[in-house]
Amino acid sequence: MQQAFKDEHALQCGFCTPGFLMTATALAREGRRLSRDEIREELAGVLCRCTGYDHIVTAVERHLNENAEARGDG
Ligand code: FES
């Protein structure tokens with residue numbers, strides 16, 4: 001997940017990043033495939049004042065898809 005955040009430029013100051021990473025890692029452990037809207041809803045409890053949410057959602061989506069592909073669900 002950390003690599004996906006780095007690759008997708010999903011952080012600036014990093015203040016919110018631990019909350020996003022913890023929330024997104026819990027989502028990844030559930031093993032569900034989620035739409036972008038569902039990812040946004042799941043992350044709604046964490047606020048970012050810098051980055052804008054598109055990059056964050058893209059990073060989480062990318063990681064969830066990579067996990068699904070690794071499990072053979074992709
Ligand atoms: S990167 Fe600064 S608050 Fe999210």
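Let's start with Thr-17 and its contacts: once we set aside neighbours within four places in sequence, Thr-17 touches Phe-5 and Leu-11. Thr-17 itself sits in helix α2. Is Thr-17 buried or exposed? It counts as buried, because its relative accessibility is 9%, and the cut-off for buried is under 20%. Please keep in mind, here and throughout, that we are looking at a predicted model.

Now let me step back to the whole chain. How many helices and strands are there in the chain? There are four helices and zero strands. If you read along the sequence, the pattern is simply α-α-α-α.

What about overall dimensions? Along the principal axes, the C-alpha atoms fill a box of roughly 35 × 20 × 20 Å. The radius of gyration is 11 Å, and that agrees with the value near 11 Å that a compact globule of 74 residues would have. Of those 74 residues, 32% are buried. The accessible surface comes to about 4700 Å², and carbon and sulfur atoms account for 49% of that surface.

Here is one more number for the whole chain. Take the contacts between residues at least 6 apart in sequence: 60% of these join residues at least 24 apart.

Let's turn to charges. The chain has 9 positive and 12 negative charges, and the mean positions of the two groups are 5 Å apart. How many salt bridges does the structure hold? It holds seven, and I'd like to walk you through some of them, with Arg-62 as our guide.

Please find Arg-62 and Asp-7 on your screen. Their side chains meet in a salt bridge, 2.9 Å from N to O. This pair links distant parts of the chain: Arg-62 is in helix α4, residues 53-71, while Asp-7 is in helix α1, residues 2-7, and the two are 55 residues apart. As for exposure, Arg-62 counts as partly exposed, at 27% relative accessibility. Asp-7 also falls in the partly exposed class, with 31%.

Stay with Arg-62, please. Its side chain also meets that of Glu-8 in a salt bridge, this time at 3.0 Å from N to O. Why does this pair tie together separate parts of the chain? Because Arg-62 lies in helix α4 and Glu-8 in the loop between α1 and α2, the pair joins parts that are 54 residues apart in sequence.

There is another partner, Glu-66. Glu-66 forms a salt bridge with Arg-62, and the closest N and O atoms are 3.0 Å apart. Here the setting is local: the two residues are four apart in helix α4, so about one helical turn separates them. Glu-66 is partly exposed, with a relative accessible area of 38%. Putting these pieces together, Asp-7, Glu-8, Arg-62 and Glu-66 are linked in a network of salt bridges.

While we are in this region, have a look at His-9. Where is His-9 found? It is in the loop between α1 and α2. His-9 counts as exposed, because its relative accessibility is 57% and the cut-off is over 50%. Its backbone deserves a glance too: phi is near 55°, a positive value in a residue other than glycine. For background, most residues other than glycine have a negative phi.

Let's go back to helix α4, where Val-57 has its place. Val-57 counts as buried, at 1% relative accessibility. Which residues does Val-57 contact, leaving aside neighbours within four places in sequence? They are Arg-36, Ile-39 and Arg-40. For Val-57 and Ile-39, the separation is 18 residues in sequence and 6.5 Å in space, C-alpha to C-alpha.

My last stop is Asp-73, in the segment after α4. Asp-73 is partly exposed, with a relative accessible area of 45%. Leaving aside neighbours within four places in sequence, Asp-73 is in contact with Arg-33 and Ala-68. Asp-73 and Arg-33 are 40 residues apart in sequence, and their C-alpha atoms are 9.1 Å apart in space.

If you take one picture away, let it be the salt-bridge network of Asp-7, Glu-8, Arg-62 and Glu-66, in a predicted model with four helices and zero strands. Thanks for listening!

Notes
Residues numbered from 1 in each chain as written. Predicted model: local features only at pLDDT ≥ 70, side-chain atom pairs only at ≥ 80, totals over all residues. Heavy atoms only, no water. Salt bridge = Lys/Arg side-chain N within 4 Å of Asp/Glu carboxyl O. Buried < 20%, exposed > 50% of the residue type's maximum accessible area, 1.4 Å probe, protein only. Rg over C-alpha atoms; globule rule 2.2 N^0.38 Å. Contact = heavy atoms within 4.5 Å. Areas by Shrake-Rupley, 256 points an atom, 1.4 Å probe, with all protein chains shown as cover. Lys, Arg positive; Asp, Glu negative; His and termini not counted. Charge placed at Lys NZ, Arg CZ, Asp CG, Glu CD.
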